[in-house]
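Here is a short walk through one structure, from its strands to a pair of helices.

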Amino acid sequence: MIKYVPRMTSVVLEEIPDKLTLAVDISNCQGTCIGCHSPFLREDIGDELTPAIIDSLIADNFGVNCFLFLGEGRDHAALMRLAAHLKASHPDMALALYSGREEVEDDIWDTFDYVKVGPYIPKYGPLNRRSTNQRLYLHRQDITYRFWHRGIDSNR
Ligand code: SF4
């Protein structure tokens with residue numbers, strides 16, 4: 001099961017370049033980032049994220065063209081089922097995943113258009129710092145440089 005925190009769901013412009021993104025915070029984070037911005041997301045909190053809820057969130061946020069999982073939880077099979085639903089039911093929607101892990105499985109690379117990897121390490125900073133250890137890929141191409149003129153403050 002994948003759980004999300006409904007009150008944190010928002011439409012964002014900064015997280016994925018050139019996209020109007022519906023960002024959904026996923027709980028049960030398996031990360032251990034030092035300086036974690038939201039330690040409560042490591043806990044088993046929130047509501048189950050289902051295909052019906054995904055459909056409803058997209059319908060309620062007309063115009064979004066990217067669906068972003070902010071975190072991946074601990075149930076890989078369930079995450080991939082939700083991703084498969086998105087691809088089948090919303091084929092024009094870009095699919096994005098912010099993972100705090102150093103590396104992710106091949107099925108994630110093959111399924112998600114955008115994949116962010118790397119834990120947040122304070123001394124290296126978030127994506128908008130040139131010193132960052134984190135990377136955002138679009139179809140396996142590193143596009144982290146797209147953040148380096150921006151003033152976002154993300155440590156996901
Ligand atoms: S991935 Fe995000 S929520 Fe998870 S430990 Fe790291 S900073 Fe915290």
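A convenient place to begin in this predicted model is strand β3, where T21 is the bridge partner of V12. That pair belongs to the pairing of β2 with β3 (residues 21-25), which is antiparallel and extends over three bridges.

These two strands are part of an open sheet of seven strands, ordered β2-β3-β5-β6-β7-β8-β9, and the pairing within the sheet is mixed. At its edges lie β2 (10-12) and β9 (141-142), each of which pairs on one side only.

Further along the order, strand β6 (residues 94-98) runs parallel to β7, and three bridges join them. Within this pairing, L97 stands opposite V115 of β7. Strand β7 (residues 114-117) is covered on both faces. Y114 and K116 point to one side, V115 and V117 to the other, and all four residues are buried.

The helices come next. Two packed helices are described by the angle between their axes and the distance between the axes. For helix α1 (residues 51-60) and helix α2 (residues 76-89), the angle is about 45 degrees and the axes are 10 Å apart. Angles under 35 degrees would count as roughly parallel and those from 65 to 115 as roughly perpendicular, so α1 is oblique to α2. The crossing of α1 and α2 is right-handed.

Which residues in α1 and α2 meet? From α1 come P51, I54, D55 and I58, and from α2 come L82, H85 and L86. The residues of this contact between α1 and α2 comprise five nonpolar, one polar and one charged.

Technical notes
Residues are numbered from 1 along each chain as its sequence is written. This is a predicted model: local features need pLDDT of at least 70, side-chain atom pairs count only at pLDDT 80 or more; totals for chains, interfaces and linings use all residues. Side-chain values use heavy atoms; hydrogens and water are left out. Axes are lines fitted to C-alpha atoms, for helices over the stretch in contact, and angles run from 0 to 180 degrees between N-to-C directions. Angles under 35 degrees count as roughly parallel, over 145 as roughly antiparallel, 65 to 115 as roughly perpendicular and the rest as oblique. A crossing is left-handed if the near helix is turned anticlockwise from the far one by less than a right angle, and right-handed if clockwise. Contact means heavy atoms within 4.5 Å. Ala, Val, Leu, Ile, Met, Phe, Trp, Tyr, Cys and Pro count as nonpolar, Asp, Glu, Lys and Arg as charged, and the others, Gly among them, as polar. Buried means under 20% relative accessible area, exposed over 50%, partly exposed in between (1.4 Å probe, protein chains only). Two strands pair if DSSP finds at least two bridges between them.
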